[in-house]
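The exercises below are meant to be worked with the sequence and the structure open side by side. Each begins with a task and continues with a solution that goes step by step.

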Amino acid sequence: MYHVDQISLDYRPRERVARIVPELQTGVLMYEFDSAFVCGLLQKFKPRRILEVGVANGGTTAVMLQCMKDLGTPFSLRSVDILTKTPKNPSREIGYLGVMAAEALDVRDFQRRLGVILPQVIESLAAEEEGKFGFLILDTNHSLPGETLDFLVAFPFLSPNAVVCLHDIRQNQKTPPSPYKIGSNALFNSVVAEKYVNTDATRIPDYYPNTGAFQITKDTSKYINNVFGILTENWLRPLNESSLAAYNDVLRRRYAEESLWIYEKAVIMNYNSTRFVVPKKRFSNARKLIGRFARKIGLRK
Ligand SMILES: C[S@@+](CC[C@H](N)C(=O)[O-])C[C@H]1O[C@@H](n2cnc3c(N)ncnc32)[C@H](O)[C@@H]1O
């Protein structure tokens, strides 16, 4: 089911934390609407254990810490990123704004795992405390297998009614379009769950939001192969051998034969086909195609 405009947007946590961590003004990689939606979700569902994948400066981490601190319910936050340093400023560690906010707010139970991908740490993170994660926020590379694969790795460690928040569900609809950035969109639309979206008044002319969320139900597991099926789409961000081995290792031990059958075919097909798409320069061919398309519909000269 779709729940439209059922999340009460709260802009205040971001404003509040920006007052105590002024660097946040430029460090959050989400628009204010999206941060307010994330805070609305946290306030509605009040998760105990939160997992964040895709951290960058830690701007959203800081907003979530402020929001949870204001809520006053006990919580822990674990933030995972493939990088250790922010690309724009290599003297800064990934998540530094989250660290600053945690110190200023005296939040004790916040930790980062940097330079790793989710399958390398999910089992140890899950084993740290009793109870599965009640809230997962995914904001990574937006190209397949991206968020879809990370969701599948996280799913066995989510509580039965956990909420999954996805940023960039309309990343493919940028102008000019980025048709290869379907990672979040594909997951959002293939998963069977209770879906939450709010109308975004800033997104003229369609008002479709860039952040959405879904709450897991019994049907999510029953129809999980819809999500595995998405992996048969083209992987324009192929995984290297060691990353693939890490994903294989978790999935192999956590899913049924039929799901693994789809997964195996998706991997083999993609490793066969991406040879042609990603030979030397990543995305070069995909970009050429997109450029041609954008010119055809008059978005580029
Ligand atoms: C768009 S930024 C995240 C922005 C952040 N959520 C915010 O709102 O400020 C994406 C981050 O995901 C990380 N990333 C990309 N692929 C990843 C992966 N497979 N696993 C973990 N992190 C990944 C990048 O290093 C980058 O820091």
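**Exercise 1. Decide how far helix α8 is covered, and find what lies against its buried residues.**

The model is predicted, and the solution begins with a count along the helix. Step one: α8 spans residues 183-190, and six of its eight residues are buried, which makes the helix mostly covered. Step two: the buried residues are G183, S184, N185, A186, L187 and F188. Step three: these buried residues pack against two helices, α7 (146-154) and α10 (224-230), and against two strands, β8 (158-167) and β10 (211-215). Step four: with respect to the strands, α8 lies across β8 and β10, and runs at about 140° to β8.

**Exercise 2. Establish the strand order of the open sheet, and identify the strands at its edges.**

Step one: eight strands form the sheet, and following them across gives the order β1-β9-β10-β8-β7-β2-β3-β6, with mixed pairing. Step two: β1 (2-4) and β6 (110-114) each pair on one side only, and are accordingly the edge strands. Step three: from one strand to the next the twist averages 15°. Step four: at the β6 edge, β3 and β6 pair in the parallel sense over five bridges, and S79 has R112 of β6 as its bridge partner.

**Exercise 3. Trace the pairing of strand β7 on both sides, and relate its residues to the nonpolar core.**

Step one: β7 covers residues 133-138, and six of its six residues are buried. Step two: on one side, β7 pairs with β2 (residues 49-53) in the parallel sense over four bridges, where V53 has L138 of β7 as its bridge partner. Step three: β7 also pairs with β8 in the parallel sense, here over five bridges, and L136 is matched with V164 of β8. Step four: L136 and V164 both belong to the group, with V38, M64, V153 and A154, that touches the most other members of the largest nonpolar core, a set of 79 residues. Step five: A154 is in contact with L136, and also with L51, L118 and I122, once its neighbours within four places in sequence are left aside.

**Exercise 4. Describe the surroundings of the ligand by residue, by element and by chemical character.**

Step one: 20 residues surround the ligand, and the closest are L29, G54, A56, T60 and D139. Step two: the elements giving two or more residues to this shell are α4 (59-71) and β3 (76-81). Step three: sorted by character, the shell residues divide into 12 nonpolar, six polar and two charged.

Terms used. Residues are numbered from 1 along each chain as its sequence is written. This is a predicted model: local features need pLDDT of at least 70, side-chain atom pairs count only at pLDDT 80 or more; totals for chains, interfaces and linings use all residues. A nonpolar core is a set of buried Ala, Val, Leu, Ile, Met, Phe, Trp, Tyr and Cys residues joined through C-beta atoms within 7 Å. A residue is buried if 20 or more other C-beta atoms lie within 10 Å of its own, exposed if 12 or fewer, and partly exposed in between; C-beta atoms are placed from the backbone. Two residues are in contact if their C-beta atoms, placed from the backbone, lie within 7 Å. A residue is near a molecule or strand if its C-beta atom, placed from the backbone, lies within 6 Å of it. Ala, Val, Leu, Ile, Met, Phe, Trp, Tyr, Cys and Pro count as nonpolar, Asp, Glu, Lys and Arg as charged, and the others, Gly among them, as polar. Two strands pair if DSSP finds at least two bridges between them. Axes are lines fitted to C-alpha atoms, for helices over the stretch in contact, and angles run from 0 to 180 degrees between N-to-C directions.
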